[in-house]
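The following explanation leads the reader through a single protein chain, from its overall form to particular strands, helices and residues. Please keep the sequence and the structure in view while reading.

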Amino acid sequence: MPPCDFVPEKYDSHTYEQMLKIRQDNVFPSLLTWYKKPLLIHQGHMQWLFDFEGRRYLDLFAGIATVSVGHCHPKVTAAAQKQLGRLGHTSNIYLHPGIQEYSKKLTALLPGSLKVAYLTNSGSEANDLALLIARVFTHNNDVICLRGSYHGGSPYIMGITAIGKYKHVVANGANCHSTMLPDVFRGPWGGSHCRDSPVQTIRKCSCSSGTCHANDQYIEQFKDTLQTCVPNKVAAFIAEPIQGVNGAVQFPKGFLKEAYQLVRERGGLCIADEVQTGFGRTGSHFWGFQGHDVIPDIVTMAKGIGNGFPMAAVVTTAEIAHSLTENLH
């Protein structure tokens, strides 16, 4: 690995064996560790992590797409220290300059009328709120998601998380419906021209210029879901611009644009889950949905928004946001 001038502090906590025992006795077992001998990470600096014995690792994982600008980035650390030294918490019933300043800067990065933000603590909470907003605004109840989607683990959001191992045998997410995933690599349709990435499929594509047979087939499946699984009116359609937990799945070009139109024809709102794709993660755009030439009605975000701090947000239009407030009062 390339050299690193940073010298980590000396580790001065429990031994590795004691840490394993504490983990076994005092931490919920569903919080799994990986590997036979999981790493005991002691300190981080930018792209580097250091274990309790001082070994250095190049972090290519970024805490599941969370630490977007590096561990203990000096600019982020300085801002956090400054704020904690000034004010740690107050109620939203009062004004605080940081919230207004941040909301203005954040919404300036979004297109169209997406100018109103609601700050939350996690991606699950953000998606939970997004569904509530959509249902209150449209006066409809049914929500459509894509199979293979991961939108969080709360009981409410589990209904739109369509990966079996993340679902539990409890009542969850009523009136949520999953439709076929337009996966050009593992799905029944797809070829080499369906997406920009050459590794998305090994199958050849015989479509003429400007057409996509795979997209047409997946849209037909989407229409079938609309015709058979939901009422004439729906509340929302939620999708990640690129699926994350299910394996970085890219959709055929044009799929989201057509799906958004079909949902809006039924009175529904379109929600872009940018928890893993937002804040420049896709490389070409700041938001993943921009690669699909669409503008959602609601955008949810987390992970990279806080660089490891428990922070998330829902951004929508003033019209939609005000409708929620009116219903609360």
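What radius of gyration would a compact globule with 329 residues have, and what value does the protein chain have? For a chain with 329 residues, a compact globule would have a radius of gyration near 20 Å. The protein chain has 22 Å, which agrees. The model under discussion is predicted.

Further values describe the chain as a whole. Along the principal axes, the C-alpha atoms fill a box of roughly 60 × 55 × 40 Å. The protein chain has eight helices and 10 strands. Of its 329 residues, 42% are buried. Among the contacts with a separation of 6 or more, 66% are between residues 24 or more positions apart. The area that the protein chain exposes is about 18,700 Å², and 57% of this is supplied by carbon and sulfur atoms. The chain has 29 positive and 26 negative charges, and the mean positions of these two sets are 3 Å apart.

The strands offer a suitable place to begin a closer inspection. In a regular strand, the side chains alternate between the two faces of the sheet. Strand 10, which spans residues 312-316, may be examined with this in mind. On one side of strand 10 are A312, V314 and T316, on the other are A313 and V315, and all of these are buried. Since five of the five residues of strand 10 are buried, this strand is largely enclosed by the rest of the structure.

Which strands pair with strand 10? Strand 4 (residues 116-120) is joined to strand 10 by five bridges, and the two run antiparallel. Within this pairing, A117 stands opposite V315. Strand 9 (residues 298-301) also pairs with strand 10 in the antiparallel sense, over four bridges. Here I298 stands opposite T316.

Strand 7, residues 236-239, has parallel partners. Its residues A236 and I238 point one way, F237 and A239 point the other way, and all are buried. Strand 5 (residues 143-146) is joined to strand 7 by three bridges, and the two run parallel. Four bridges join strand 7 to strand 8 (residues 269-273), again in a parallel arrangement. F237 is a useful residue to locate in this region: I144 stands opposite F237 in the pairing with strand 5, and C270 of strand 8 also stands opposite F237.

I144 leads onward to another strand. T179, found in strand 6 (residues 176-179), is in contact with I144, C145, L146 and R147, and also with Q221, F222 and T225, leaving aside its neighbours within four places in sequence. Is T179 buried or exposed? Its relative accessibility is 0%, so T179 counts as buried.

The helices show how residues far apart along the chain may meet. F137 belongs to helix 5 (residues 123-138), whereas L324 belongs to helix 8 (residues 318-328). Although these two residues are 187 residues apart along the chain, their C-alpha atoms are separated by 6.6 Å. Not counting residues up to four places away in sequence, F137 touches L269, E319, I320 and S323. On the same basis, L324 touches L129, I133 and V136.

The accessibility of these two residues may be judged by a cut-off: buried means under 20% relative accessible area. L324 has 12% relative accessibility and therefore counts as buried. F137, with a relative accessible area of 24%, is partly exposed. A further distance from L324 can also be considered: L324 and P252 are 72 residues apart along the chain, and their C-alpha atoms are separated by 34 Å.

Finally, attention may turn to helix 2, which spans residues 62-65. What is noted about the phi angle of A62? A62 has a positive phi of about 55° although it is not a glycine. A65, also placed in helix 2, has a positive phi of about 65° and is likewise not a glycine. Both residues fall under the cut-off for burial: A62 has 14% relative accessibility and so counts as buried, and A65 is buried with a relative accessible area of 6%.

Conventions
Residues numbered from 1 in each chain as written. Predicted model: local features only at pLDDT ≥ 70, side-chain atom pairs only at ≥ 80, totals over all residues. Heavy atoms only, no water. Buried < 20%, exposed > 50% of the residue type's maximum accessible area, 1.4 Å probe, protein only. Contact = heavy atoms within 4.5 Å. Pairing = 2+ DSSP bridges. Rg over C-alpha atoms; globule rule 2.2 N^0.38 Å. Areas by Shrake-Rupley, 256 points an atom, 1.4 Å probe, with all protein chains shown as cover. Lys, Arg positive; Asp, Glu negative; His and termini not counted. Charge placed at Lys NZ, Arg CZ, Asp CG, Glu CD.
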